[in-house]
Amino acid sequence: MTDRLIIRRPDDWHVHLRDGALLADTVAHTARQFARAIVMPNLSPPVSTTAEVEAYRARIIAARPAGSDFTPLMVLYLTDATDPDDVAAGFASGVLAACKLYPANATTNSAHGVTDVRNIYPVLERMQAIGMPFLVHGEVTDPAVDIFDREAVFIEQVLTPTLRDFPALKAVFEHITTRDAAEFVVAAGANVGATITPHHLMINRNAIFAGGIRPHAYCLPVAKREVHRLALRKAATSGSEKFFLGTDTAPHLVQAKESACGCAGIFNAPHALEAYATVFAEENALDKFEAFASEHGPNFYGLPLNSGRVVLERVRELVPERLPLGDGEIVPWLAGETIGWRFSGVTD
Ligand code: DOR
Ligand code: ZN
């Protein structure tokens, strides 16, 4: 049995760092394990122009712990009014790594999102031409569609026609939660990839209702049936270049989660690598872990692999019930549970 796992330093291809009082702590948690991260732009108000993205990037860099070389990879929030010239200039200057589609009202701070994907067709045309990644929150928002079907319906009604119209568009189907999405990505061209979170690999929808309502297991897209979790585990551990690590770490302070209308989001940054390693070990696929965590993402984005290594040890570790975050407290993913791995640092 391997007692130490040493892999190339990984990146997190889907992170919510928030802003203001939370920023120093969120950046520290992510930068402790990851060299780079794709930073989601759903602040309030959203980060929807290159100038706003540049200012947000400066705040993140200023919030890094002393000595940290963490690199935020920045994302512009698409709206019905996004200017293709602004996007192209932001990508050319290196400020922007990607643009994100939030269907309007699909999730946290998405009220300014896109009301109809056809409204951003001029932007997608330009992104396809310049090879700029298009990141997708893949859920329809029609309240008549059952919440557990929203990803599958999105594939049929939005993603399939959009990629038919832009067949060379580099697209990342973010935080996939269904067998349908995994199969869609496998069948698509090499220009289509997907991130998979640790929580969607670990829980199915029963976890949200286990003995009572469990707000800390609630995120969007919501966890689905067991058959879908098993398909995600198979995809993540398959070795396919199309699937890569993206935690969707999304902090909400404890009062915002434990409420009559609790926010969607799971804060998994403190033990993200340990959680993924648990899944890969359970699947007897530790030999595929490094590629998923540290190679497929950079290869998809056309970025160099990181130098340096991180070390994980196979020891039992108790995840704290709560952690301080900004001026408040947060309940981390796997709070109160004992996990079988411990991240023990970065080495050369
Ligand atoms: O659970 C989620 N939380 N899903 C999202 O899409 C957004 C995120 C957040 O920003 O809180
Ligand atoms: Zn997210």
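This passage walks through how ligand 1 and the zinc ion (ligand 2) sit in a predicted model of the protein.

Ligand 1 comes first. It sits in the largest cavity, and 13 residues surround it. The closest of these are Arg18, Asn42, Thr107, Leu220 and His252. Sorted by class, the shell around ligand 1 comes out as seven polar, four nonpolar and two charged residues.

Several polar side chains reach oxygen atoms of ligand 1. For Arg18, a side-chain N or O atom lies 2.7 Å from an oxygen atom of ligand 1. Asn42 does much the same job of pairing up, with a side-chain N or O atom 2.8 Å from a ligand 1 oxygen. Thr108 also takes part, its polar side-chain atom being 3.0 Å from an oxygen atom of ligand 1. As for cover, ligand 1 would expose 290 Å² if taken alone, and the protein buries 100% of that.

Then there is the metal. The zinc ion (ligand 2) picks up its protein donors from two histidines and an aspartate: His14 through NE2, His16 through NE2 and Asp248 through OD. These donors lie 2.0 to 2.1 Å from the zinc ion. Along the sequence, the donor residues follow the spacing H-x1-H-x231-D, so to speak a pair of histidines with one residue between them and an aspartate 231 intervening residues further on. The two histidine donors, His14 and His16, are both buried.

How values were computed. Residues numbered from 1 in each chain as written. Chains lettered and ligands numbered in written order. Predicted model: local features only at pLDDT ≥ 70, side-chain atom pairs only at ≥ 80, totals over all residues. Heavy atoms only, no water. Near = heavy atom within 4 Å. Polar contact = N/O pair within 3.5 Å; in protein donor to acceptor, adjacent residues only side chain to side chain. Areas by Shrake-Rupley, 256 points an atom, 1.4 Å probe, with all protein chains shown as cover. 1 Å grid on protein atoms, 1.4 Å probe; cavity = no way out; pocket = protein on both sides within 12 Å on 5 of 7 lines; lining within 4 Å. Sits in = over half its atoms within 2 Å of the grid points. Nonpolar A, V, L, I, M, F, W, Y, C, P; charged D, E, K, R; others polar. Donors = N, O, S within 2.8 Å, 3.2 Å for Na, K, Ca; no water. Buried < 20%, exposed > 50% of the residue type's maximum accessible area, 1.4 Å probe, protein only.
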